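I opened my notebook to look up a few things in this structure. I kept each entry short.

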Amino acid sequence: MSKLPLGDEFHVYDTTLRDGAQREGISYSVTDKLAVARLLDGIGVGFIEGGWPGALPKDTEFFARAAAGDLNLKHAQLVAFGATRKAGVKVTEDQQVRALLDSQAPVITLVAKSDLRHIERALRTDAAENLNMVRDTVKFLVDEGRRVFLDAEHFFDGYAFSPDTALRVLESAVEGGADVVVLCDTNGGQLPLGLAETVAEVVSRTGFRVGIHCQDDTSCAVANSVAAVQAGATHVQCTANGYGERAGNADLFGVVGNLVTKLGMNVLPTGALADLTRVSHALAEIANIAPDSHQAYVGSSAFAHKAGLHASAIKVDPELYNHIDPEIVGNDMRVLVTEMAGRASLELKGREFGLDLTGRSDAVGSALRRVKDLEAKGWSFEAADASLELLLRTELSELDSAPFQLESYRVVLDRRPDGEVVSEATVKVHVAGERVIATAEGNGPVHALDAALRKALLPHLSWLDSVELADYKVRILTEHPGTDAVTRVLVESTDGEREWTTVGVHGNIVEASWLALCDALVHKSMRSSQPV
């Protein structure tokens with residue numbers, strides 16, 4: 001552990017590949033598990049729990065591939081998870097315990113019951129045999145050269161019900177040679193003050209090295225984990241992005257972010273903190289789960305400011321409304337322009353677009369009035385920076401003419417005898433001094449309209465071939481109920497190098513889509529270095 005700043009004094013322990021994989025909707029392949037482990041190791045996690053060898057075939061294969069050289073860890077030690085021997089079975093004859101050794105993992109975490117009710121009702125044994133199960137298994141693995149941690153399952157509930165039973169489980173693990181006894185809030189029902197009190201009491205009564213493992217059923221997993229560290233825990237178990245069963249686990253990025261930036265604990269290698277946002281999003285991609293935009297520290301909205309009052313203060317000093325510099329965790333500050341915006345919001349946004357609004361108070365005021373008027377009609381610019389930039393440049397008279405002008409378009413729907421539904425669109429546009437008419441089919445009216453527009457423009461706008469529709473979102477605005485509702489369309493476009501989003505609003509979904517599509521192409525034209 002000398003490769004990490006705090007060496008073995010403090011453990012950042014990740015269980016994404018075992019506990020995190022219990023989240024509904026996550027199913028890691030072995031290749032996925034190896035990729036996750038590499039990313040976690042890259043930011044300097046001290047221990048990576050790879051799974052339960054012998055219990056799950058994929059986990060067994062993961063450890064086999066890791067041992068064969070498919071996983072070369074620079075900072076972390078690989079951990080195998082498993083249970084103590086079964087009641088009434090010799091530890092040397094327990095196949096599950098043998099599988100832990102066969103994994104070749106240098107560290108093993110054992111889970112053991114520490115709540116008397118679970119011992120008697122779930123394990124169907126008595127407290128004395130449970131203690132023997134813990135002590136025997138830990139000693140056996142330690143004698144085989146493994147470092148052993150003990151997860152005391154349901155510890156806080158068990159300690160409240162029968163403190164002596166819970167403490168004796170910890171004692172039996174330490175007697176067997178366990179390095180750390182981890183207090184687990186398995187049901188996730190604890191609150192920070194009570195949990196911290198229990199942790200401090202256990203540390204004081206036993207003198208043992210204590211760890212913490214928190215579930216998020218009260219939305220307090222990160223707070224509970226930090227409170228436990230402040231109370232004396234020197235080993236904290238987390239999962240990436242808080243993945244886990246039910247409401248999830250303590251979020252690795254929230255816990256580490258707090259330990260480093262708030263408590264001054266240097267728990268990651270130099271420079272690793274700046275990779276938190278990137279790694280969080282990469283792990284979300286592997287899990288096939290959209291990143292949580294509102295996640296603390298690493299979410300895209302973590303440092304986004306919408307209120308005009310905030311923007312006014314940020315214009316003076318960003319630290320007035322940011323609890324840390326976003327760059328510390330690899331994130332960015334964003335200013336959102338909505339109906340709540342003030343002049344400062346637009347001025348800050350203008351800086352993002354490379355616009356100098358100094359001395360342009362009339363244009364800024366006009367743009368602000370335009371934004372508020374459109375927002376009142378259902379437009380939303382906070383997720384459509386490209387459309388906002390076009391609006392600003394138009395008000396500043398800094399936008400060249402659009403690369404094309406629409407004369408008219410028509411879309412028809414054809415339901416054929418075989419049941420196939422095809423849309424056909426015809427557009428008439430003026431581009432490069434010519435009047436062009438083009439017709440195309442699509443699997444929907446918007447698709448057909450986009451295809452026809454591209455067909456008309458591509459011979460004249462060479463850059464158009466690189467532009468693709470990356471996403472298309474429709475929202476029916478509830479202020480206008482029923483089939484007469486106003487529709488808001490967001491179009492996300494990409495040219496392979498960058499992405500931009502535009503918005504259109506209208507009572508007709510096709511017209512709303514047309515407005516967003518046109519803005520997307522005008523924005524690309526504005527940014528393109530090629531002549532129109």
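**Entry 1: a buried pair**

I began with Glu-49 and Arg-18. Are they buried or exposed? Glu-49 is buried, and Arg-18 is buried too. I was reading a predicted model here. I then looked at how the two residues meet. Glu-49 and Arg-18 form a salt bridge, and their closest N and O atoms are 2.8 Å apart. I checked where each partner sits. Glu-49 belongs to strand β2, residues 47–51. Arg-18 sits in the loop between β1 (11–14) and α1 (30–42). The two are 31 residues apart, and the pair links distant parts of the chain. I noted the general idea beside it: side chains of opposite charge can pair when their charged atoms come close.

**Entry 2: two more pairs**

I looked up Asp-217 next. Which residue does Asp-217 form a salt bridge with? Its partner is Arg-246, with the closest N and O atoms 2.8 Å apart. Both ends are in loops. Asp-217 is in the one between β7 (210–214) and α9 (221–230), and Arg-246 is in the one between β8 (235–238) and α10 (252–261). I wrote down 29 residues for their separation along the chain. Asp-217 has 33% relative accessibility, so I marked Asp-217 as partly exposed. Arg-246 reaches 47%, so Arg-246 is partly exposed as well.

Then I took Glu-407 and Arg-435. They form a salt bridge, and the closest N and O atoms are 2.8 Å apart. This pair joins two strands. Glu-407 is in β11 (residues 405–415), and Arg-435 is in β13 (residues 434–442). They are 28 residues apart. Glu-407 counts as partly exposed because its relative accessible area is 37%. Arg-435 counts as partly exposed because its value is 46%.

**Entry 3: the salt bridge tally**

How many salt bridges does the structure hold? I found 24. Some residues join up in a network of salt bridges: Asp-8, Arg-147, Asp-179 and Arg-209.

**Entry 4: the whole chain**

I stepped back to see the chain as a whole. It has 17 helices and 16 strands. The C-alpha trace spans about 90 × 60 × 45 Å along its principal axes. There are 532 residues, and 53% of them count as buried.

**Entry 5: a pocket**

I turned to the second largest pocket. It holds about 470 Å³ of space. Its lining is made of 24 residues. Which of them lie nearest the centre? I listed Trp-52, Phe-81, Val-111, Lys-113 and Glu-153. Four elements each give two or more residues to this lining: β3 (77–83), β4 (107–113), α5 (127–143) and β5 (147–153). The largest share comes from β4, with three residues. I sorted the lining by type. Nine residues are nonpolar, six are polar and nine are charged.

**Entry 6: a nonpolar patch**

I searched the surface next. Val-474, Ile-476 and Ile-509 make a nonpolar patch of about 230 Å². I followed up one of them. Ile-476 lies in strand β14, residues 468–476. Its relative accessibility is 46%, so Ile-476 counts as partly exposed.

**Entry 7: two positive phi values**

I had a general rule in mind: most residues other than glycine have a negative phi. Gln-104 has a positive phi, near 65 degrees. I found Gln-104 in the loop between α3 (95–102) and β4. At 56% relative accessibility, Gln-104 counts as exposed. Ser-219 also has a positive phi, near 60 degrees. Ser-219 is in the loop between β7 and α9. Why is Ser-219 called exposed? Its relative accessible area is 65%, and exposed means over 50%, so the label follows.

**Entry 8: two distances**

I closed with two C-alpha distances. Ala-160 is in helix α6, residues 155–161. At 65% relative accessibility, Ala-160 counts as exposed. Ala-160 and Asp-115 are 45 residues apart along the chain, and their C-alpha atoms are separated by 9.0 Å.

Leu-268 came last. I located Leu-268 in the loop between α10 and α11 (276–287). Its relative accessible area is 4%, and buried means under 20%, so Leu-268 is buried. From Leu-268 to Cys-214 I noted 54 residues in sequence and 21 Å in space, C-alpha to C-alpha.

Methods
Residues are numbered from 1 along each chain as its sequence is written. This is a predicted model: local features need pLDDT of at least 70, side-chain atom pairs count only at pLDDT 80 or more; totals for chains, interfaces and linings use all residues. Side-chain values use heavy atoms; hydrogens and water are left out. On a 1 Å grid over the protein atoms alone, a cavity is a set of points where a 1.4 Å probe fits but cannot get out, and a pocket is an open set with protein on both sides within 12 Å along at least five of seven lines; lining residues have an atom within 4 Å of a point. Grid points are joined across faces, edges and corners, and a volume is the space filled by probe spheres set on the points. Ala, Val, Leu, Ile, Met, Phe, Trp, Tyr, Cys and Pro count as nonpolar, Asp, Glu, Lys and Arg as charged, and the others, Gly among them, as polar. Patches are made of residues with over 30% relative accessible area and no salt bridge: like charges are joined within 9 Å, nonpolar side chains (Val, Leu, Ile, Met, Phe, Trp, Tyr) within 5 Å. Accessible areas come from the Shrake-Rupley method with a 1.4 Å probe; for residues, only the protein chains shown count as cover. A salt bridge is a side-chain nitrogen of Lys or Arg within 4 Å of a carboxyl oxygen of Asp or Glu. Buried means under 20% relative accessible area, exposed over 50%, partly exposed in between (1.4 Å probe, protein chains only).
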